[in-house]
Structures are given as C-alpha cells and as structure tokens.
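Dear colleague,

I am passing on the structure below, and I would be glad if you could look through it alongside the notes that follow.

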Amino acid sequence: MRFPESIASVEQTGADTVDTIRQYTLIVWRNKWVIAGAIALSLMLAWGYLLIATKYYQAQALIVVEDRKGIDDVINRGENADEHFERRLFVIQKQIISYDFLDAIAKELSARSDGSDGQGVATSWDELASMTKVERAMIDPAGGKAPQNLVDGFVVSFLHQDPKTAMQITARIADKFIEENNREREKEVEGTGEFLDEELRLLKHELEKREESISQFKKSHLGDLPQQTDTNLRTLDRTEAEITTATESLQRHSDKLNALHQAVQLYRTSGQQSFGVGTTRSMDPDPLFRHLKELREKLVKLRAEFYDGYPEIIITKEEIRQTEEELTNLYGRDAIRPDKTPLDPYLQDLLKQQGEERTEIALLRQRLDQLRATRRDLEKRLDRSPSVEQELLVLERDYNNMKANYAMLLDKRLHTRVEQNIEKRQKGGKYRILDRAKLPQNPAIPNSIKVWVLGLLFGCVLGAGLSVVRERLTPQFRGPEDVELLLSGPRLLAAIPDFSLLWRTASDPGYFQSAALPRRSLGITMRSQSEAEPNKQSLAERPNSYEIDRRFVARMFPRSMAAEQYRVAAARLQLLNTTGAPRVVAVTSAIKGEGKTTTVINLGYTLSRDFGRRVLLLDCDFIYPELTAFLESPVRYGLIDCLRSDIPLQQAMSPFTDVPCWIMPAGESVADSNDLLRAGQLNRVLSQLRDEFDYILLNAPPILPVATMNVLESHSDLLLLVVRANLTSKQAVTQALGSLRADKPIHVVLNGVASNSLPSYMLDYAVSESRVAV
C-alpha cells in the first residue's frame, strides 16, 4: 500500500524543515551578540540622522468635488467616474504646478515679504513647484488605491522649513485654484450651450436629408426590400405549385382532346362508337328529338280538327317551343330545323366536348404564361434582395447613428439649460475646500518612525550578513563530507542524525517498540549467562522507579535512523578488531557537550544486543560522571573505589537485564582521582576486565579542558573522537588531536547531524524502515 509510504515521506519532510529551522536558530544564537551589536549600531546611526537632518514641515488642504450634476457630467455622460476623475486629476496637477499659476503666487509672496520680518520664503516658480504636491485623496493613506479607499477629491500639500510659511502657501494655492475654477466654469457653461445648439441644428438638417434618402430608396425598390423577402419566397412557392397544377391540368385536357378527335374520326369513317372516350350519354338518340317529332305530329292533327286558338293547340306549341329551345342549347339551331335531318346525338356530343376542351386548353395556356411571368419577376426580386439589403443597411446604419447622436446632444442640451439656471442662481464651482491648511506641528521630513524602522531593518540585515561571514570564516562540521574534507588523518566511523524529535513521553501506550533480537545473520552468537537473561516486559510497562534517559535511542527507538547508525558504528568497530582480542576503546571529544556519553551508552548497548558481545561501559570522567543516569539498579562502589582499594570489580558493576552489557560508574570523586589513574592502578583494573569482556568502552573526559585523556590514551587500543555537528569548530578538533601523543588509531563519530545534511541513501533507508514499522 502507498499510504504508509506517504505518511513516512510527509514525516521526513517535516523533520527536514524542523532541522533547517533549528540550524538557523543555532546560527542566530551563536552570533547573538554580533546581531545585537549591528542593530544597536544601526539604531544609533538612525538617532544621529534624526538629530542632524534638516526638518521640513508639510501643510495640507483637502479639496473635494461637489456632488451635483454639472457641465462635466453632461459632456462626459455615460463615462466611468473614477477613470474620468483620474484624467481630471492629471490636468489639475499640471495646472497647479504650471508657471502661470505658481508665478502669480510667488509674486504675491514677494510683495508680502517686503514688509515682513525677512524670513526666507521661496519666491521663484521652480522652488514652489519642487515643494508642491497634488495627490488623490484617500480614506486611509496606507490602504492603497483600492476603489473603496478612494475619494473624489485631491490633497494639495506644500513643504517648507517654516511651518507657518507652509500653511500660508498651501492655503493660497487652494484659494487660487478655486477662484480660477469658478471663472473657467462660467465661461464653460456659456460656451457649451451655444456649441450644443449649433450642433443640434446641423445634425437635424443632416438627419432630415437621410430620412428623405431612405424613403426614396424604399419607393424605388418596392418589392425588393429585405422585409419583403419572406413574402416573396412564400409567393414563389405558391406560384410554383400553381404552375405544376396548371401543367398537369393542361396535359390531361390535351390528352382528352386527342381522344375526342380520334373518336370523331372513327365514328365518321366506320360509324363505330368509342365507349371509353367521348361521351358519357346513352348510345340511343336523344328522347328530345322523338318527343319533338311527336309534338309536331300532334300539332298537325290538332290543326286539322281544331282552330289555332284551341287551348290544346296552344299548349302543344308551347311544349314544342320549349323542346326546341332545349335542343338548340344542346346541339345548335341546325339540329331542329324541320328541313334538315337531325344530327346524330353521339356525334353532336363529341363535337361539343371538343369545343369545350379547346376553350379550356386555351385558358390553361394563358394561365401558365401569367404564372411563369410572375415566377421570373419573383426570382429577379430575390436575386436583387441581398444587394438592396446591403444598401439599405448602410443607409439605416448611418441614419441610426446620426439619430442616436442627435438624441444624445438633445439630452445634453437639456441638462445644459438646467446647469445654466443653476449657475445663475448659485455661485460656486465644481470644487470645494473641505479641510483648510493648518499649522503643522511635527516635521514631515525626516519621518522618525520610518527612520527607526529602516534603522532596525538595516541592523538586522547587517547582523545577518556578519553572522554569515563569521560562520564562513569559522567552519564547523555539518555533514559526513566535512569530516573527510577538514580532517585528513582520522576516518569517519558513523554519522549519527539528530534524534531529539523522536522522543515522546513513556506514558503513551504502545508507542515504544520491543527490543530487537540479536542479528543472527551476522554469524555472531551471544555468550549466555544466567544473570543476563532478557526481560520480555516492554519499556512503557516498567516500574516508575526506573526512568529511561532520553539519550538512550538505541534502546528506546531500535528502528530509528539514529539507532541504525549506531549499528553501523558497532559493525565497523568489529571489523577493525581483526584478531578478535578484547578491545579497550576510549571515547572522548574536544570540548564538553558533544555527546560522548550518548555515544558510549548507545554504542555499547548495540554491541551487546545486536552482536552478542560482552561489553563494559567504564565511566572515567570524574568531573561530570553521567553514566550513572543509565543504571538500572544502583551500585555502592565505582571505578574510583576499585582504584583506591581491592574491592571486587563485580561489586562496582550494574548489568542491563536484557543484554550482556554492564556499567561501572565513576564512583564518588575525591581530590586525587586523576592521580589514581597516573599511579598505574588503572592498568591493574583493565587487565582484570580484559579477561571478562569483549569490549571496554571508556567514557573519557574532553581533551582540551583536562589532561586525563593523555593518561587514558596509553591504556586504550582505539580512540573514538565524538564531534558535534553544527557546534564544534575545526580549530577545536585540530587542537584536540594535536594534544594527543600516543600513536593510536583515531576514528570520528559525527553526532547530531541534521537530516538534510545526510546522504540521500540514508534518508531512503529511514523511509523504508518507517514503512515496515507501520
């Protein structure tokens, strides 16, 4: 899973940040007096500058814009107020510092100063201009030019050595600006009305001409206008449909006329009737002919018997007349002539239908010609429509722009008339002095607060620079590579990272890890003893009477990077022992506080736990004996007692309950403790201890403060020099190594290394260990 690895990476990043902060804190603490001296020097310089600097006083007057509509609002109608005022402020600045404006004030001041007490007053234009400033008014000067912090007004200020003169000149500048603004405003109001009237007259005349042009254009292109395009399209669709219908109808009538013509020819030549074509009537003669014949025969009989006024004769004649009229309507007048043989009804009907079809065809052809002409006209209109639309758009665009300009000018003219009435009834310009110039009490230059702040900042920067230079000139050991570069003789045994952030209170349940078992993969076994049987009880559950020292990282955090580096040191120490004989290792440092006691307890415990070696930790620092803090059980005697008398060595040792490791404390210090070491008693004690232990680690005192290390080095097989990273200087280490006379191998343990100074492979391993632990 990625989650534990991510947690470990975040924790490592946080540790790097804390280490960096701690390094800078240590640098500041080491150079605190340098930084304090630099700050004090800068503050003294600032104080001296405030004493000798020439003081200038600044008077200010606030001028605001009247909140009423005026000519500016009419002319700039619709424009952003802030943008307009910024441009107006630029003009005001140029107006106030102009030669004509300030020269008039300079002449007034010169005339006044002739009868005054003769104090120096700036009387030339360039002097007044250099001391005059015009700025945008703000609610809070420190708030910047945010829109909510700006005010529609400006501040006029003048700088001078005499506060009274500064106030007088500032007041005169504000008054003169208001006076000139009032005069200019009166002229502006009068000229604006005349200008707008002339513009309106010209624009109205041009607008009428454009209206006439548009009207003439629409009349000349009636039917081609853009708004008629949809109507023309719909009319064209209907015309196309009518043409199609008329064409189909013409085709049907033409086919029928041909069929009737064939039927007539067939009937006349052969007398055969065509039942499918020609007529829908019966094939028998029309009954009207027979009825007419019967009526005529009946009339002849009646005339033979009766006179012409006989009612039945009259009725018969009327019936004959009606029948003839009906036959005439159907077949023509020749069909009822008494001297002609009556037409064949079938043939008569075919001829009648032929005439009707010819008439219908002629009407349809005339209709088609009309529809085609209409279609051509509509297509021409549609073709001309885009060009007409473009021309009309140009005309209407110009007309609309001119109309909008006319409306705007008309609106401005109305506001101008209102403004003219206001100006006649009310004297006063657009600007008003809201806050007049007052006598300044404190100098504006130099600004004491700014000078003190700049002095403090300069002191901090100077102190930081001097600290960096001092750190560079006095090199210290910060990482493993510094040992190789700065020390040519000794070899680095291990680099122990700073583990101060690993500690948590022992009361946190489940935090401490169980003690790691010996690494059997190294091929080394423990020498078992009944008194060294490991205690399975966890550290957090042990009695309160035994408090574990925070420096005991190999026991408290066996999976930490620091504990792993102690294992590296122990492994390299074993590799140095090629013969396998018992070894006496003196662990010392150049000065006090470099972590030699921490190195002794963790290195000895690691040799016993992880490599199964019998180890004795012998405290030879009689001035600051610190191994006593790691005793699990108190002992009555110590090394000093063994040197002074023949006390059994076992009575001066305290074993660990979980590993074969013992501690022999220094014991109670006496006046001749160091003399006991020189008397040869230590050689006797070490000879006995060599038979019992594989490694004897001597917790020796620092080299430079005391001379005890010169005695102990002769009894040691190997020397371990503990160097504190970011603390011990190269000079101290070089001096300490130079004071040693014995030719013994010397190895360095670099202690308290920041994580960001360690190689990347060590950090990657630490992250992997954290992931496994999680």
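**Helix packing, sheet and cores**

In this predicted model, Tyr566, Arg567, Ala569, Ala570, Ala571, Leu573 and Gln574 of α15 are in contact with Thr598, Thr599, Asn602, Leu603, Thr606, Leu607, Arg609, Asp610 and Phe611 of α16. Sorted by class, this contact is made up of eight nonpolar, five polar and three charged residues. The axes of α15 (residues 561-576) and α16 (residues 596-611) are 9 Å apart and make an angle of about 70°, and because angles from 65 to 115 degrees count as roughly perpendicular, that is how the two helices stand to each other.

Helix α16 also lies across β6, β7, β9, β10, β11 and β12, running at about 170° to β10, while α19 (residues 681-690) packs on the sheet and touches β6, β7 and β10. The sheet itself is open, with eight strands in the order β5-β12-β11-β6-β10-β7-β9-β8 and mixed pairing. Since β5 and β8 stand at the edges with a single partner strand each, one side of each has no neighbour in the sheet. Strand β8 runs antiparallel to β9 and is joined to β9 by two bridges, and proline 655 has tryptophan 662 as its bridge partner in β9.

The largest nonpolar core has 43 residues, and Leu618, Leu689 and Ile696 have the most contacts inside it. Another core, of 37 residues, lies apart from it and includes Ala554, Leu603, Phe630 and Tyr695.

Finally, please look at the peptide bond from isoleucine 445 to proline 446, which is cis with omega near -5°; proline 446 is placed in the loop between β4 and α12.

Best regards

Terms used
Residues numbered from 1 in each chain as written. Predicted model: local features only at pLDDT ≥ 70, side-chain atom pairs only at ≥ 80, totals over all residues. Heavy atoms only, no water. Axes fitted to C-alpha atoms, helices over the stretch in contact; angles between N-to-C directions. Helix = DSSP H or I, 4+ residues; strand = E, 2+ residues; numbered from the N terminus. Parallel < 35°, antiparallel > 145°, perpendicular 65-115°, else oblique. Contact = heavy atoms within 4.5 Å. Nonpolar A, V, L, I, M, F, W, Y, C, P; charged D, E, K, R; others polar. Core = buried A, V, L, I, M, F, W, Y, C linked by side-chain atoms within 4.5 Å. Buried < 20%, exposed > 50% of the residue type's maximum accessible area, 1.4 Å probe, protein only. Pairing = 2+ DSSP bridges.
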